[in-house]
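Q: Please take a close look at a single part of this model, and begin with one residue and the element that holds it. From there, please lead the reader on to the other local features in a connected account.

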Amino acid sequence: MEKYDLIVIGMGPAGMAVTAMAANMGLDILAIEKHKVGGECLNYGCVPSKALLKAGEVNEVTENFKEFGIKFSGKTEIDNPLEIVREKVNEISGNKTMKAFERAKLIVDQGEAKFVDKKVVEVDGKQYTADKIFIATGTEPLIPPIPGLKDVPRLTNLNIFAQTNIPEKLTIIGGGAIGSEMAQAFSRLGSEVNMFQIDDHLVPIGDEEAGRVLEDKFKKEGIGVYNSTAINKVEEKDGKIIIHTDAGVFESDKILVATGRKAVLEPLNLDQAGIKYDKTGIKINKKLETNIKGVYAVGDCNGKALLSHAAMHQGMLALMNAINPTPIKQFKYDDFLVPWSVFTKPEIAQAGITEKEAKEKGIDYQIVKEKYEDYGRTIADGKPEGFVKVITNSKGKIYGATIVGEQASELIHEWVLAIQHNISMFDIMVTQHSFPTISLMNKRVAEKWMMNKTNSGMVPKLAKKFI
Ligand SMILES: Cc1cc2nc3c(=O)[nH]c(=O)nc-3n(C[C@H](O)[C@H](O)[C@H](O)COP(=O)(O)OP(=O)(O)OC[C@H]3O[C@@H](n4cnc5c(N)ncnc54)[C@H](O)[C@@H]3O)c2cc1C
Ligand SMILES: NC(=O)c1ccc[n+]([C@@H]2O[C@H](COP(=O)([O-])OP(=O)(O)OC[C@H]3O[C@@H](n4cnc5c(N)ncnc54)[C@H](O)[C@@H]3O)[C@@H](O)[C@H]2O)c1
């Protein structure tokens, strides 16, 4: 049996992070990928979705030239954006990605890896062993038990980017990250989109007010948003998809299901190795190790955070734990904040807790908010929708930040840094930000927090006395 220092199962962001770092350290690695290197993120997720959103954005900008005093006498025509998306994915998956794994042994597209013992893995009839094993097998789309849905031709993120045409009419089930991003991308490329969800605002894991800003924009762009709407039946008639909902009956050419994810663990044969799991994923401790010493589960498959950066971060932490002989100084995944961003226009981004979570936790908090419509740069750019909202307290401790608006996904990192490293509102306020960047919105919020303190109590009295 071939023996390695470590075996990685699954080559998405989590497995790639472990493999690239371990290869760089000169370790002997075997990485097994049943399908394509890059995993969900590169092949069917983050990358193609962002590329399609970009195509939609380009089309939308062209259609709105007149807002900038520019006449455009032609009309854009949607040709082959999905083909371009696939070309971009191929370009990234080629040498650019594979170079990092030159020093690892890769088994790609030869079948699924499964455990035959605690430290023995089999693929394509051959067995391999290692001291440390990293499971990084991700998730798959979850199809809800809506009557008829399993019997109609469905799109999920696994096949939507393989389509040849932009559908004339598209129904989307789900108003989360995937549903929202795909609704706007397809709508801006010409589809008539209706989206349905059981939650009461878009991007339901986030701040409600931010979800409403996005919903207003979607409605202005002609997207039908049906919140808190039960879907009773889905059927196919004469090649069309008919969806029966509490809000009425709707017909479309295609239906996209984006209703969350599930870990598919049966093929791994985890019971054979005694590795514990439940329906949320593989069970781990804070050090990302399963109940079997030396076997780690990183990324989406442990169900802790369904995000690429979290998957890569977990891969890095678990590898560092695996090579560290001191049991005390081990990295714990929940010592690190997990921000997230949804890449619609406007974008929504979150660091730390939301206002609702602050309320639920009984935290003595205050909200400070700056609107994009009150800042020169965002007005000049024609991007007045949105706000930066910070959950803080009178001492300036920062608990969370929600941003909805242009470049929210970039602005959020200042708040991630602040929360993780205990930087206060005062610190942000006295940090110069270049004018007129959109990031200056962050400083303006901190200034507002300070102004709220200095316009009452002793400060005005003392100022008057000592001026
Ligand atoms: C449409 C869409 C858009 C997204 N956009 C973003 C975004 O903008 N930002 C973000 O942070 N996240 C985004 N995500 C989420 C992100 O894709 C996932 O969080 C990320 O891919 C998880 O990485 P992973 O390595 O844990 O798993 P995956 O990427 O799912 O990779 C797991 C790999 O394991 C392989 N595998 C599974 N079982 C076996 C087996 N038994 N043997 C061998 N190989 C196996 C699979 O083939 C797969 O390649 C998006 C997801 C979707 C669907
Ligand atoms: N920009 C990003 O970071 C990004 C983008 C896409 C996906 N992702 C990741 O992928 C994961 C999956 O995304 P997602 O959008 O599939 O899930 P999600 O958990 O974000 O949203 C699920 C949506 O499905 C709806 N829903 C669930 N069951 C339903 C039913 N029976 N009928 C109607 N609506 C129903 C919910 O109301 C909700 O709107 C997310 O957790 C996210 O972390 C991230």
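**A surface patch and other local features**

A: Leu462 is found in helix α14, which covers residues 458-466. The model is a predicted one, and the values below are computed from it. Is Leu462 buried, partly exposed or exposed? Leu462 counts as partly exposed because its relative accessible area is 39%, and partly exposed is the class between 20% and 50%. Leu462 belongs to a nonpolar patch on the surface, together with Met458 and Phe466. The accessible area of Met458, Leu462 and Phe466 together is about 340 Å². To enter such a patch, a residue needs over 30% relative accessible area, so Leu462, at 39%, meets that condition.

A patch of another kind is made of charged residues. Glu77, Asp79, Glu83 and Glu87 form a negative patch on the surface. One of them, Glu87, has its place in helix α4, residues 81-98. The relative accessibility of Glu87 is 46%, and therefore Glu87 counts as partly exposed.

The next topic is an annotation from a record. An unreviewed UniProt entry lists Lys50 and Asp300 under "binding site". Lys50 lies in helix α3, which runs over residues 46-63. With a relative accessible area of 29%, Lys50 is partly exposed.

Ala130 offers a contrast in exposure. Ala130 has its place in strand β6, residues 126-135. The relative accessible area of Ala130 is 2%, so this residue is buried; the cut-off for buried is under 20%. Along the chain, Ala130 and Glu2 are 128 residues apart, yet a distance of 8.6 Å separates their C-alpha atoms.

The backbone deserves attention as well. Most residues other than glycine have a negative phi, and most peptide bonds are trans. Ser228 departs from that pattern, with a positive phi near 45 degrees in a residue other than glycine. Ser228 lies in the loop between β10 (224-226) and β11 (231-237). A relative accessible area of 48% makes Ser228 partly exposed. Asp238 is likewise not a glycine, and its phi is positive, about 50 degrees. The loop between β11 and β12 (240-245) holds Asp238. Asp238 counts as exposed because its relative accessibility is 80%, and exposed means over 50%.

Peptide bonds come next. Where does the chain hold a cis peptide bond with omega about 0 degrees? This bond joins Lys345 and Pro346. Pro346 has its place in the loop between β19 (340-342) and β20 (347-352). Another cis peptide bond joins Phe435 and Pro436, with omega about -5 degrees. Pro436 is found in the loop between α12 (425-429) and α13 (440-454).

One annotated span remains to be described. According to an unreviewed UniProt entry, the feature "domain: Pyridine nucleotide-disulphide oxidoreductase dimerisation" is placed at residues 338-439. In the model, residues 338-439 are 28% helix and 28% strand. The end C-alpha atoms of this span lie 20 Å apart.

To return to the starting point, Leu462 in helix α14 is part of the nonpolar patch with Met458 and Phe466.

Note on methods:
Residues are numbered from 1 along each chain as its sequence is written. Chains are lettered from A and ligands numbered from 1 in the order in which they are written. This is a predicted model: local features need pLDDT of at least 70, side-chain atom pairs count only at pLDDT 80 or more; totals for chains, interfaces and linings use all residues. Side-chain values use heavy atoms; hydrogens and water are left out. Patches are made of residues with over 30% relative accessible area and no salt bridge: like charges are joined within 9 Å, nonpolar side chains (Val, Leu, Ile, Met, Phe, Trp, Tyr) within 5 Å. Accessible areas come from the Shrake-Rupley method with a 1.4 Å probe; for residues, only the protein chains shown count as cover. A salt bridge is a side-chain nitrogen of Lys or Arg within 4 Å of a carboxyl oxygen of Asp or Glu. Lys and Arg count as positive and Asp and Glu as negative; His and the chain ends are not counted. The place of a charge is taken as NZ of Lys, CZ of Arg, CG of Asp or CD of Glu. Helices (H or I, at least four residues) and strands (E, at least two) are DSSP runs, numbered from the N terminus. Buried means under 20% relative accessible area, exposed over 50%, partly exposed in between (1.4 Å probe, protein chains only). UniProt positions are given in the numbering used here, feature names are shortened, and annotations may be inferred rather than shown by experiment.
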